[in-house]
Amino acid sequence: MSDPSLEALLEVQAHDLVIDQLRHRRATLPERAALSAQSHTLAEVGRRLDDNQGQAHELERRQRRLEDETELVVAKAIDSEGRLYSGTVTAPRELQALSAEVEGLRRRQRGFEDEVLEVMEAREPIEAERAHLAGEEQNLRAEGSRLVTLLVAGEGEIDGLIAAELVARERWAQEVPADLLNTYERLRLRLGGVGVARVDAGRCTGCHLGLSAVELDNLRRVGAGAAVRHEECGRILVP
Ligand SMILES: [Zn+2]
C-alpha cells in the first residue's frame, strides 16, 4: 500500500530535478559564454585602438612640429632672398654669403619636407589599422547586442518553464507534511539534489545499493506518514 504523502514527495522530487536542470540550462546558455568571449575581444580591440591612437597622435605632433620648422625656415629664406635681390646688398662677398645662406635654408626646408613625407607615410598604415579596428569594434558591438537579445529571450523562455514547474511543485508540496518536506530539502542539499528514492527490487534507486532485510521489513511495517531512511545513503525511502 502506498503512502500518499510519500508519493507526493516523489512528485516534488521529480519537479525539483526538472527545475535543477532548467536552472543549469539557464546558467549555461551558449549565448552567455559567447557574450563573455565577445566582451573579452571587445576589450582587447579597445586596447589596440588606444595604442593605435597613441601612435597616431605622436606622429601628428611630430608632423606639426616639422611643418612649423619648415614654415620658419621658409620665412627666413624668403627674407634672405628679398635682401639678395633687393639691390641694397652690392658687395660680391656679402652677396655670396647671402646666397649661401639662402641655399642652406632651402636645403633645410627640403630636409624638413622629406621628413614630413616620411611621417605622413608612417601614418598611413596606422590610419588603415585604426579603420580596421574601428570596423571590428563596430561588428563586435553588433554581435554583442545580438547575443544579449538571444540571451534575454532564452532566459525568458526558461524562466517561464521554471515558473510553471514551481507552481506544479508547490501543489504537490502541500500534500507533504512539513517535517517530511524539511527533511527532504535538507537531504536534497546534501545528496546531489535527490532526497527521496523509490525502492525497486530491494534496491534504493537513489544510491543503487540493496536494502538490508531489516530495512525491507521496517519498510513493510511502517505506517502511513512515517518515513524510513536508507541506512546507506540517508535518503527517504518510498516502498
Ligand atoms: Zn540509498
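This is a short walk through the helices, the sheet and the two domains of one protein model.

Okay, hi everyone. Before anything else, keep in mind that this is a predicted model.

Let's begin with the overall layout. The domain assignment splits the protein into domain 1, covering 25–173, and domain 2, covering 178–238. How far apart do the C-alpha centres of domain 1 and domain 2 lie? They're 68 Å apart.

Now the helices. When two helices pack, people describe the pair by the angle between the axes and the distance between the axes. So let's do that here.

Take α1, residues 4–27, and α3, residues 92–173: they pack at an angle of about 165°, and their axes are 9 Å apart. An angle over 145 counts as roughly antiparallel, so that's what α1 is relative to α3. As for handedness, α1 and α3 make a left-handed crossing.

Who's touching whom there? On the α1 side, the residues include V12, I19 and L22, and on the α3 side they include I158, L161 and W172. There are charged ones in the contact too, among them E11 and R23 in α1 and E155 and R169 in α3. If you sort the residues of this contact by type, you get 12 nonpolar, 1 polar and 8 charged.

Next pair: α2, which is residues 30–86, with α3. Their axes come within 6 Å and cross at roughly 165°. Therefore α2 and α3 are also roughly antiparallel to each other. Left-handed or right-handed? The crossing of α2 and α3 is left-handed. The residues in this contact divide into 28 nonpolar, 12 polar and 21 charged.

Right, on to the sheet. Strands in a sheet pair through backbone hydrogen bonds, and they can run parallel or antiparallel. In which order do the strands of our sheet come? It's an open sheet of 4 strands, ordered β2-β1-β4-β3, and the pairing is mixed. β2 and β3, with β3 at 228–229, are at the edges with a single partner strand each, so each has one side without a neighbour in the sheet.

And how does α1 sit against this sheet? α1 packs on the sheet and touches β1 and β4, and its direction makes about 115° with that of β1.

Let's zoom in on β1, residues 196–200. With β4, residues 236–238, β1 pairs in the parallel sense over 3 bridges. Look for R198 there, which stands opposite V238 in β4.

With β2, residues 203–204, β1 pairs in the antiparallel sense over 2 bridges. In that pairing, D200 is opposite R203, and V199 is opposite C204. β1 and β2 make a hairpin with 2 residues between them. One residue of that turn, A201, has a positive phi of about 50°.

That's my tour, so please have a look at the structure yourselves!

Definitions and conventions:
Residues numbered from 1 in each chain as written. Predicted model: local features only at pLDDT ≥ 70, side-chain atom pairs only at ≥ 80, totals over all residues. Domains from an automatic or database assignment. Axes fitted to C-alpha atoms, helices over the stretch in contact; angles between N-to-C directions. Parallel < 35°, antiparallel > 145°, perpendicular 65-115°, else oblique. Left-handed = near helix turned anticlockwise from the far one by under 90°. Contact = placed C-beta atoms within 7 Å. Nonpolar A, V, L, I, M, F, W, Y, C, P; charged D, E, K, R; others polar. Pairing = 2+ DSSP bridges.
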